Amino acid sequence: MLLQEPHVHTAEMVIAKFGGQSALARLVGKGQSTVQHWANSGRIPAKWQSQLLLLAREHSIDLSVQDFVGGSAHSHIVQFYDDDSFLIERVARFIGSALESRNGAVVVVTKSHRDRLAECLRRRGFDTASLLREGRYIVLNAAETLSKFMVNGKPDSPRFEATLKDVIERANRTAQSEHPRAAVFGEMVALLWKDGKRQAAIELEQMWNELERTCDFSLLCGYPMSAFSREERGEEFMEVCAHHADVIPAESYSALTEGSERRRSIARLQQRAQALETEIRRSEEQLNFMQSVAGMGSWEMDLDDDSISLSRHAQEMLGLYVAGRLLLPDFLQTVCVAPDRARFTAAVKRARTGRKEFTVQFRVKPNGRIKELSAHGKIIYNFGQPLIVGLLKETTPQ
């Protein structure tokens, strides 16, 4: 009961921020009984936490991931990094602090980072071999651990808890501190992100927050900044941040001293962001003008999630007007004449299996008139993420 009472209060506080049960039910499109169940059970399910955070941002409501875990001492931190060596040093400091406090530690790491982390801890004076034998330092392989609870490409909550909870509790049982609280570092979310399973990574972050309700630990996650290098990843970046109690910037900022140096750095970043936005707008205007004169449109497809973006002139050629990216099935259903959809899909499949050039002829029917188009492209890699970039041209016989 001692564990439950704070979370009942937490659920009610979150609901109150949205104006009560009826108001929140309308926002999420559910009956009031659903929100009432959250209040009565004392918890808001992980699958709803992400949506509530986004809704709060849209409606200027002060809500953070900490509101879902209440007054717990739990700490869920994300470390962004540019270089692996910086990450290893940060993790060693995080794990080493717990070990020095006579707490346990669990690391769920990639094979390439395991030995480097152990060496860094040894340089800090820790006998990792003895700690491993004691069970106070537990090392798990990130890919193997992921495989134990992933079902159809998504993390399964009961399997996740069954896989990780006992491990963390084992580290706490071997701790020598008065109030054991294991330090956990995990790279599973970064692996999912790298594989293009970004929604699965977000769901896993939520499951870590859910596990905190019944297990005492502090968690550090690590994401390479290269995973968010493209402009359209901005919303996803903010969503990752929203699921952590604290965010630590990459080394280019973290290395700065406190005070005026950091403020100058922030001001400089703001100026650069503004200049970049201006340059992007100017480049887009130039590109749209040149495409209009040449009678072509540009397009791009992310082979990780099969999403397509189209330039303004490409959209005009297709008779399609969308604000953001379009998933391949929606593109085919909305744009392509039915007999040509399989041809387009086959061309994507050839590109995905290693063919560098992409070319396909297909027909569209904007405004009731059949038009023939050709799409040409080439596979490039943006920080390891495969993309098809290309041009669209009308080939309708005159």
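Biologist: In this predicted model, which helix holds Leu287?

Modeller: The model is predicted, not experimental in origin. Leu287 sits within residues 260–294. That stretch is helix 15.

Biologist: Is Leu287 buried, partly exposed or exposed?

Modeller: Its relative accessibility is 38%. Buried means under 20%, and exposed means over 50%. Leu287 falls between those limits, so Leu287 counts as partly exposed.

Biologist: Which residues form a nonpolar patch on the surface with Leu287, and what is their accessible area together?

Modeller: The partners are Phe289, Met290 and Val293. With Leu287 they make a nonpolar patch on the surface. Together the patch has an accessible area of about 440 Å².

Biologist: Now the interior. Which residues touch the most other members of the largest nonpolar core?

Modeller: This core has 37 residues. Its largest share, seven residues, comes from helix 12, residues 198–211. In soluble globular proteins, nonpolar side chains tend to be buried together. The members that touch the most others are Leu164, Met188, Leu204, Trp208, Phe217 and Tyr223.

Biologist: How many residues does the second, separate core have?

Modeller: Among its members are Leu326, Cys336, Phe344 and Val360. The count for this second core is 28 residues.

Biologist: Back to Tyr223. Which residue of helix 13 is in contact with Tyr223?

Modeller: Set aside neighbours within four places in sequence. The contacts of Tyr223 then include Val78, Phe80, Trp193, Phe228 and Val240. Helix 13 covers residues 234–242. The contact found in that helix is Val240.

Biologist: Is Val240 buried or exposed?

Modeller: Beyond its neighbours within four places in sequence, Val240 is in contact with Phe80, Trp193, Ile202, Tyr223 and Phe228. Its relative accessible area is 0%. The limit for buried is under 20%, so Val240 is buried.

Biologist: What separation do the C-alpha atoms of Val240 and Ala201 have?

Modeller: Along the chain, the two are 39 residues apart. Between their C-alpha atoms, the separation is 8.7 Å.

Biologist: Gln79 also contacts Tyr223. Where is Gln79 found, and is Gln79 buried or exposed?

Modeller: Gln79 belongs to strand 1, residues 75–81. Its contacts beyond four places in sequence include Arg90, Leu220, Tyr223 and Pro249. At 1% relative accessibility, Gln79 is buried.

Biologist: Which loop holds Ser60, and is Ser60 buried or exposed?

Modeller: The loop runs between helix 4 (46–58) and helix 5 (66–69). Ser60 has a positive phi of about 55°, although it is not a glycine. Its relative accessibility is 69%. Exposed means over 50%, so Ser60 is exposed.

Biologist: Asn152 has a positive phi too. What is its relative accessible area?

Modeller: The phi of Asn152 is about 55°, and Asn152 is not a glycine. Its loop lies between strand 4 (150–151) and strand 5 (154–155). Asn152 is exposed, with a relative accessible area of 79%.

Biologist: Now the whole chain. What percentage of its residues count as buried?

Modeller: The chain contains 18 helices and 14 strands. It has 398 residues. The share that counts as buried is 47%.

Biologist: Among contacts between residues at least 6 apart in sequence, what percentage join residues at least 24 apart?

Modeller: Val240 and Phe80 are one contact in this chain. Gln79 and Ile248 are another. Among contacts between residues at least 6 apart, the share joining residues at least 24 apart is 65%.

Technical notes
Residues numbered from 1 in each chain as written. Predicted model: local features only at pLDDT ≥ 70, side-chain atom pairs only at ≥ 80, totals over all residues. Heavy atoms only, no water. Helix = DSSP H or I, 4+ residues; strand = E, 2+ residues; numbered from the N terminus. Buried < 20%, exposed > 50% of the residue type's maximum accessible area, 1.4 Å probe, protein only. Contact = heavy atoms within 4.5 Å. Patch = residues over 30% accessible without salt bridge, like charges linked within 9 Å, V, L, I, M, F, W, Y side chains within 5 Å. Areas by Shrake-Rupley, 256 points an atom, 1.4 Å probe, with all protein chains shown as cover. Salt bridge = Lys/Arg side-chain N within 4 Å of Asp/Glu carboxyl O. Core = buried A, V, L, I, M, F, W, Y, C linked by side-chain atoms within 4.5 Å.
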